[in-house]
There are 2 protein chains.
Amino acid sequence: MHFTLKDINALNYLYKINLINSVSGFKAANLIATQSKKGTTNVAVFSSVVHYGSNPPILGFVLRPNTVVRNTYDNIKETGFYTINHIYKDIIEEAHHTSAKYPAEISEFYKTTLQEEYLNDFKAPFVKGCAIKMGLKYLEEYHIKANDTILVLGEIVDLYIADDLVSKDGFVNLAKAKTAVINGLDGYAVPEDISRKGYQRPKKEA
Amino acid sequence: MHFTLKDINALNYLYKINLINSVSGFKAANLIATQSKKGTTNVAVFSSVVHYGSNPPILGFVLRPNTVVRNTYDNIKETGFYTINHIYKDIIEEAHHTSAKYPAEISEFYKTTLQEEYLNDFKAPFVKGCAIKMGLKYLEEYHIKANDTILVLGEIVDLYIADDLVSKDGFVNLAKAKTAVINGLDGYAVPEDISRKGYQRPKKEA
């Protein structure tokens, strides 16, 4: 099948968002949790978390305006802090339900079985049970002119990982963590076998 | 295990990049291919491709300066076009080898078994055999001040997908496509079962 830009733009809305959300490849499956100044918590599934750098440790994620996730943005702007927590096999259903559009005053922690966890006075809740969870400090944001989205960048200031997941060289086996991936808007999978390929050096001429 | 920002910054370099590259979650596995004005092609693995929007269809990816991938950037700036091709099960080894630092005048298509494919006069090569491949037109870029990286945004102007992968509602089953995911810097997996969870609506009060 071949779709030109003109074909894509002319597609039925639901077909289009399913199609275009699928073709970027598998996406990271994370829950971002925040707290307003008044103390109302929020947790929402995000598939756009991306590594920007290790030194300093920086992650980015993308917000689409006019969606429920503006609660996340507003809370981050109020407090300066948020958590990123890996969605894993046992919580996929509950994590995905956070994509439902609840009003800002209702916490998704109340509407799902996901549980808040407070660690070392961090100003946002972590998601209990996640093998990999991070506390981030807001750094900066970019308004994306092309489609009016927002890229938010933060620095990892606290990183919690289950002991048995970290290899001697720092590699974290995400299959052992049962970390999920997202396919399109609503597809989930849990990869089972990780094969490491090593650092690549140029081949010498034959 | 708990790492504070201070702990992370003090880690051995290799341990740190393995650790921090793992904790954002699984990453999309794509090959970005380009061609210089002089006709030298380039293909390189990228794990930072992210969906920015469907309407218009926009994808972003992140470039880290001082790496081999600047060839990709230079070619995109010269021609305005590039392709994004899903890494799939059978080409993981060859795709990962494109991370080796070859000089700009040597095409990774020459150093691997990956093959160029030219479709409908598009100004960059596609990667032959990939079930999902896209031609993109450069839109804009953002210089990320926090760590001197570059976010490049492009619009999908040509989308090629194997016929049997697209569901009636536009969803593309990436497990059927044998699309890979990346774990950290050098881990690969091929998810096998996708479970769709559907669109979520708020639960009514009990």
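Begin by selecting strand β5 of chain A, residues 50–54, in this predicted model. The strand is mostly covered, with 5 of its 5 residues buried. Extend the selection to strand β6 of chain A, residues 57–63. β5(A) and β6(A) run antiparallel to one another and are paired over 4 bridges. Together they make a hairpin, with 2 residues between the two strands. To see how the strands are aligned, display A:Gly53 and look across to β6(A), where A:Ile58 stands opposite.

Next, show both chains and superpose chain B on chain A. The operation is a rotation of 180 degrees with a shift of 0.0 Å along its axis, and the RMSD is 0.0 Å. This is therefore the relation of a two-fold axis. To locate the axis from the side of chain B, select B:Pro191: its C-alpha is the one in chain B nearest the axis, at 2.3 Å. Now turn to the interface. Of the interface residues of chain B, 100% are also interface residues in chain A, so the copies meet through the same surface.

The tour continues in the interior. The largest nonpolar core has 74 residues, and those with the most contacts inside it are A:Leu19, A:Leu159, B:Leu19 and B:Leu159. Centre the view on A:Leu159. Leaving aside neighbours within four places in sequence, A:Leu159 is in contact with A:Lys133 and A:Met134 of chain A, and with residues of chain B including B:Met1, B:Phe3, B:Leu19 and B:Val23. Finally, select B:Ala29, B:Val43, B:Phe109 and B:Cys130, which are among the 18 residues of another core, lying apart from the largest one.

Technical notes. Residues numbered from 1 in each chain as written. Chains lettered and ligands numbered in written order. Predicted model: local features only at pLDDT ≥ 70, side-chain atom pairs only at ≥ 80, totals over all residues. Heavy atoms only, no water. Buried < 20%, exposed > 50% of the residue type's maximum accessible area, 1.4 Å probe, protein only. Pairing = 2+ DSSP bridges. Least-squares fit on C-alpha atoms with pLDDT ≥ 70 in both. Contact = heavy atoms within 4.5 Å. Core = buried A, V, L, I, M, F, W, Y, C linked by side-chain atoms within 4.5 Å.
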